[in-house]
Amino acid sequence: AGIGIHVSTGHYNIAVRNNKVYNNKRQGIAAHEIWDSIYEGNVVYENGEGPDSEDEGIIIWRSKNLVINGNLIYDNAGSGLRLWGDLSNTGSSPVIANNVVRNNQGGGLLISTDVINGKVYNNTIASNQGQGMSITTSGHDIKNNILYQNSFQLSPGTSNIYDYNLYFPDVSFTDKGLHDITGDPQFVNTGLYDYHLQNSSPSIDKGIGLAEVSIDIEGNGRPQ
């Protein structure tokens with residue numbers, strides 16, 4: 001198939017949940033001109049044919065009031081998760097939380113072109129080619145994320161708030177938060193893509209409680 005799941009123009013209150021989306025020639029999940037929608041619990045992998053073909057795992061454009069939560073996005077030919085182009089050009093405010101975005105060939109999480117005021121919380125972004133996280137817009141709150149061994153860790157944008165994140169390797173930038181840390185997060189087994197934290201991880205008890213992420217990707221309550 002060209003696109004695994006395609007939600008287009010003018011729909012409200014859409015929920016795309018708990019799907020396994022793979023081996024499509026283009027995007028796994030694509031949506032445009034959609035508002036008040038949620039994309040949650042999906043496993044999206046091995047979509048697209050090449051890193052230059054814009055074949056993302058999940059791409060959403062010209063939309064607003066989005067929740068993208070608890071998805072596992074990996075081994076896609078383009079970027080893992082890309083958002084761009086707000087519908088109204090007045091603020092889109094997506095919540096991007098609890099996602100694992102790993103081993104994508106065109107970058108991990110990319111946010112650009114009028115997508116502003118997002119909440120980027122508790123994501124693990126690991127071993128992506130290109131940008132791990134690229135944000136070219138402003139007003140975003142970026143907390144409790146782990147950026148691990150991406151080929152280029154971060155393009156931070158300007159006028160964004162970063163805090164309580166872990167970077168390995170380190171990233172130096174103007175808006176780096178007071179509580180941001182650097183160090184090996186000590187995942188259980190990266191070879192088997194097990195991104196649970198070992199008991200000795202420097203990430204444990206270093207985050208901040210946030211109402212939007214009161215449960216984790218496995219449904220466990222926070223804090224523990």
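## Strands, salt bridges and a cavity in a predicted model

Pro169 has its place in the loop between S20 and S21, where strands, like helices, are DSSP runs numbered from the N terminus (E, at least two residues, for a strand; H or I, at least four, for a helix). The peptide bond that leads from Phe168 to Pro169 is cis, with omega near 0°. This is a predicted model, in which local features need pLDDT of at least 70 and side-chain atom pairs count only at pLDDT 80 or more, while totals for chains, interfaces and linings use all residues. Residues are numbered from 1 along each chain as its sequence is written, and side-chain values use heavy atoms, with hydrogens and water left out.

**Sheet and strand pairing**

An open sheet of 8 strands follows the order S3-S5-S8-S11-S14-S17-S20-S21, with parallel pairing; two strands are taken to pair if DSSP finds at least two bridges between them. Strand S3 (20-22) and strand S21 (181-182) stand at the edges with a single partner strand each, so one side of each is left without a neighbour in the sheet. At the S21 edge, strand S20 (residues 166-168) pairs with S21 in the parallel sense over 2 bridges, and Tyr167 stands opposite Thr182 in S21.

Parallel pairing is also found between S4 and strand S7 (residues 64-69), over 5 bridges, with Glu40 opposite Asn69 in S7. S7 is in turn joined to S10 by 3 bridges, the two running parallel, and here Val67 stands opposite Val95 in S10. In a regular strand the side chains alternate between the two faces of the sheet.

**Salt bridges**

Which residues meet in salt bridges, and at what N to O separation? A search of the whole structure finds 7 salt bridges, each being a side-chain nitrogen of Lys or Arg within 4 Å of a carboxyl oxygen of Asp or Glu. The table gives three pairs, among them one that involves Glu40.

| Pair | N to O separation |
|---|---|
| Arg17 and Glu40 | 2.8 Å |
| Arg82 and Glu56 | 3.4 Å |
| Asp75 and Arg102 | 3.9 Å |

In the salt bridge between Asp75 and Arg102, Asp75 lies in the loop between strand S8 (72-74) and S9 and Arg102 in strand S11 (residues 100-102), so the pair ties together parts that are 27 residues apart in sequence. Asp75 is partly exposed at a relative accessible area of 31%, whereas Arg102 is buried at 7%; buried here means under 20% relative accessible area, exposed over 50%, and partly exposed in between, for a 1.4 Å probe and protein chains only.

The salt bridge of Arg17 with Glu40 links distant parts of the chain, with Arg17 in strand S2 (residues 15-17) and Glu40 in strand S4 (residues 29-40), 23 residues apart. Arg17 counts as partly exposed because its relative accessibility is 40%, and Glu40 counts as partly exposed at 23%.

For the salt bridge between Arg82 and Glu56, the linked parts of the chain are again distant, Arg82 being in strand S9 and Glu56 in the loop between strand S5 (43-45) and S6, 26 residues apart. Arg82 counts as buried at 19% relative accessibility, and Glu56 counts as buried at 3%.

**Cavity**

The structure holds 1 cavity of 30 Å³ or more, a cavity being a set of points on a 1 Å grid over the protein atoms alone where a 1.4 Å probe fits but cannot get out, with lining residues having an atom within 4 Å of a point. The largest cavity has a volume of about 30 Å³, the volume being the space filled by probe spheres set on the points, which are joined across faces, edges and corners. Its lining consists of Ile60, Trp61, Arg62, Ser63, Leu66, Leu83, Trp84, Pro94 and Val115, and the elements that give two or more residues to this lining are strand S6 (58-61) and strand S9 (81-84).

**Loop residues**

Asn99, in the loop between strand S10 (95-97) and S11, is buried with a relative accessible area of 1%. A polar atom of the Asn99 side chain lies 3.3 Å from the backbone nitrogen of Gly70, and the side chain of Asn99 also reaches the backbone nitrogen of Asn71 at 2.9 Å.

How values were computed: 1 Å grid on protein atoms, 1.4 Å probe; cavity = no way out; pocket = protein on both sides within 12 Å on 5 of 7 lines; lining within 4 Å. Polar contact = N/O pair within 3.5 Å; in protein donor to acceptor, adjacent residues only side chain to side chain.
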